[in-house]
Amino acid sequence: MFENFRVFETEFAGRPLKIETGKMAQLANGECLVRYGETTIHVAATAAAKPRDGIDFFPLSVDFEEKLYSVGKIPGSFLKREGRPTDKAILVCRMIDRPIRPLFPKDMRNDVSIVCTVMSVDPDCSPEIAALVGTSVALSISDIPWDGPISGVSVGLIDGEFIINPTAEQRKLSQMAVTVASTDERIAMIEAGANEVSDEDMFNGIMAGHAENQKIIEFIKGIQREIGKEKFSYPSNKPDPEMFEEIRDFAIDDVKAALDTDDKTVRDERLKPVYEKVHEHFDEIYPDQAAKIDECMYLTQKFVVRRWLLDEQKRVDGRGMDEIRPLAAEVGLLPRVHGSGMFTRGQTQVLTVATLGSTRDNQLLDGIDDEESKRYIHHYNFPSYSVGETKPSRGPGRREVGHGALAERALVPVIPPVEEFPYTIRLVSEVLSSNGSTSQGSICGSTLALMDAGVPIKAPVAGISCGLITEGSRWMTMVDIQGLEDFFGDMDFKVAGTKKGITAIQMDLKIHGLTPEIIKEAFAKTHKARNYILDEVMLPVIAEPRPELSKYAPKMLSTIVPVDKIREVIGSGGKVIQKICAECDVTIDIEDDGHCYVAGIDIEKCRRAMDIIDTIVNDPEPGSYYSGRVTRIMDFGAFVEIAPGKEGLVHISQLDIKRTENVTDVVNVGDIVKVKVLEIDDKGRLNLSRREALIDLDGAVPENVLPEKQPRRERSDRPRGDRPRRDRNDRH
């Protein structure tokens, strides 16, 4: 029945890779089923027969569809079906898009759609890598014009050894997670997160991935030779060379004058009359070809900028090739938030705000990997006014998700672990003005906001981008590219890191790939630039995290509750823990392993809640001190509850340092009092003393003892046992 069915097999990083084609989705231009270990991805590549009217760009879409049946899960939504793509899926779409897009013809306008459907997931065999390889196969064997194939691998670093496509356990140990895509000659895409890895280790890891990619590229070429279709022809929107030269010569002087400014707004205003002048002159010469005239104007601007950079070593704002635009940094801009920082680089300006919450504020995740929640969250917003445009906000798009994830990845290695800083951390970067590399501005602004919030990050992080212009074998790089250089250039190589090493990389290309020499130079320039930003701009503003959190931030205490005592702290139906939260105005989170977090605005109330929890899990001992609530008044004394279900009597003789006639002269129901455990009788009843607590803890003097003869008593803290307890109030 399936006469065109073919199976191709090889080994990929020590695991079997099988490509099946010719059985499924036969109406697509190209398709394949990728089996990598037990990971199974179906990839379909489809192209429109002709371009849509009015399209002046290449409309490529990539979808990575996570099906929860692939990991044996039922979706958690009310509808019980997959909804909008997760952030992780969007990031994979962008990761696949970046290396394949430059390999399509630049003048093609037919819609192309890539759909990668995740059908089965083996945690040890990355579905992202399988989808990237499958996309390359589907495009290579299709009739869609494309200058592939490519291949991609993931590279880890464990104990100084590079691991290709690390397993799930190896990924937990790895010092870096680098995805490298390659053509048969060059490196087409790099995306990385790393734990302050050196430039040298990162470069060597990239080259190790590039070498491994060559094996899969040869494998795909073999498939293409056997079953690949002839590529179809398409209507080109490319203007005739004569038309371009005529328009270029007519407008080039005006274009040069318009572009020769570092102000994006001024440049845009200068270009409007130039376009009007060109159309007025050429619309009659080339009737019904307004789109091609605009394309010629775009090519003219590109020609001018690239000639300036490559031949004259001139940048539109007059900077040197390794010179950074004017920089500024501020912190503490917003009085009621927990932390804020604004970073400005030329006309690019980003304000980042930090918010601290309890661990119950962790983001819950419902995806195909084993990550169920995260406590550090970064969101990036790019409003239309940041580029001087008017457009309604429709929520975050793929670009916003991608840039937020890049900034998040850059800061993750320096975020303190939950054991040291038991908070959920959310950063929001608001792009106020954009003229190139707002994602890197977000990274710098995030470092400022975190330190302003008092988050004890391990080291400050800065980010910078490096651009590229190529022409044949000639090439040159420049640091801190602005919008015009990004738009007309060949590369946006973003690198973030501390002074010690790299924490994140993202590389966007418009050409087929980079040579090792270009990558080395980009690393060297970005390393020098980010050190300059840290030393000269950011650290003079705030040299280290603030010693205290904002008074508006929740205060957090943590301890470890024995697992067998968790039920007692929670109580039947949650009654005990709810009572503690209501009484102390706090939130309490207890994890299955016994980690317990108490959060509230008032640190004294947090301590009160922690005392109650400690009392529940630790049996009171004679000589220990507690804060308790008066629950009942009797003629002979008052009953004080030191923890839910643990109540003791303070006899009237033990209520105060002086003689007490009436209990209500000293305490009333609801009062919080300090007490000392005098004894525990054979029935387990507690005898408490407020009098002894006043003398021991507050240094009160009994009425029958003269001051000069007052017995000396040592102040003591209540014993806490052997369980570790961390008190974040030391920082408040």
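In the predicted model, five strands close into a barrel, arranged in the order β25-β26-β27-β29-β28 with mixed pairing. On average, and with direction ignored, neighbouring strands of this sheet are turned by 50 degrees against each other. Helix α14, formed by residues 603–617, packs on the sheet and touches β25 (625–634), β26, β27 and β28 (672–680). The direction of this helix makes about 90 degrees with that of β26. Within the barrel, strand β26 (residues 637–643) and strand β27 (residues 646–651) run antiparallel and are joined by six bridges. One residue pair serves to locate this pairing in the sequence: A638 has V650 as its bridge partner in β27.

A second sheet is formed by strands from the beginning of the numbering. Six strands make up this open sheet, in the order β1-β2-β3-β4-β6-β5, and the pairing is again mixed. Its edge strands are β1 (6–12) and β5 (60–66), each of which pairs on one side only. Neighbouring strands of the open sheet are turned by 15 degrees against each other on average, direction ignored. Strands of a sheet pair, in general, through backbone hydrogen bonds and may do so in a parallel or an antiparallel manner. Strand β4 (residues 39–47) and strand β6 (residues 112–120) run antiparallel, with eight bridges between them. In β6, V112 is the bridge partner of A47. Helix α1, which comprises residues 87–100, lies across β5 and β6 and runs at about 140 degrees to β5.

Two loops of this region contain residues with a positive phi that are not glycines. A13 has a phi of about 55 degrees and lies in the loop between β1 and β2 (15–21). With a relative accessible area of 23%, A13 is partly exposed. The other residue, A25, has a phi of about 45 degrees and is placed in the loop between β2 and β3 (30–36). A25 is also partly exposed, its relative accessible area being 39%. A further backbone feature concerns the peptide bond from G148 to P149, which is cis, with omega near 5 degrees. P149 is located in the loop between α2 (127–141) and β7 (151–158).

Strand β24, covering residues 595–600, is mostly covered, and six of its six residues are buried. The cover extends to both faces of the strand: H595, Y597 and A599 are buried on one side, and C596, V598 and G600 are buried on the other. Strand β24 has antiparallel pairings with two other strands, β22 and β23. The pairing with β22 (residues 555–560) consists of six bridges, and in this pairing K555 has G600 as its partner in β24. The pairing with β23 (residues 587–590) consists of four bridges, with V598 of β24 as the bridge partner of I588. Strands β23 and β24 form a hairpin in which four residues lie between them. In the turn of this hairpin, G594 has a positive phi of about 100 degrees.

A contact between distant parts of the sequence is illustrated by L310, which is found in helix α7 (residues 290–311). L310 and M476 are separated by 166 residues in sequence, yet their C-alpha atoms are 6.8 Å apart in space. When residues up to four places away in sequence are not counted, L310 touches I469, E471, R474, W475 and M476. L310 is classed as buried because its relative accessible area is 8%, below the limit of 20% used for this class.

For the chain as a whole, residues 24 or more positions apart account for 69% of the contacts with a separation of 6 or more. The chain has 732 residues, of which 54% count as buried, and it contains 15 helices and 30 strands. Along its principal axes, the C-alpha trace spans about 110 × 65 × 45 Å. The chain exposes about 33,400 Å², and carbon and sulfur atoms supply 49% of this area. Its side chains include 95 positive and 120 negative ones, and the centres of the two sets lie 3 Å apart.

Methods: Residues numbered from 1 in each chain as written. Predicted model: local features only at pLDDT ≥ 70, side-chain atom pairs only at ≥ 80, totals over all residues. Heavy atoms only, no water. Pairing = 2+ DSSP bridges. Axes fitted to C-alpha atoms, helices over the stretch in contact; angles between N-to-C directions. Contact = heavy atoms within 4.5 Å. Buried < 20%, exposed > 50% of the residue type's maximum accessible area, 1.4 Å probe, protein only. Areas by Shrake-Rupley, 256 points an atom, 1.4 Å probe, with all protein chains shown as cover. Lys, Arg positive; Asp, Glu negative; His and termini not counted. Charge placed at Lys NZ, Arg CZ, Asp CG, Glu CD.
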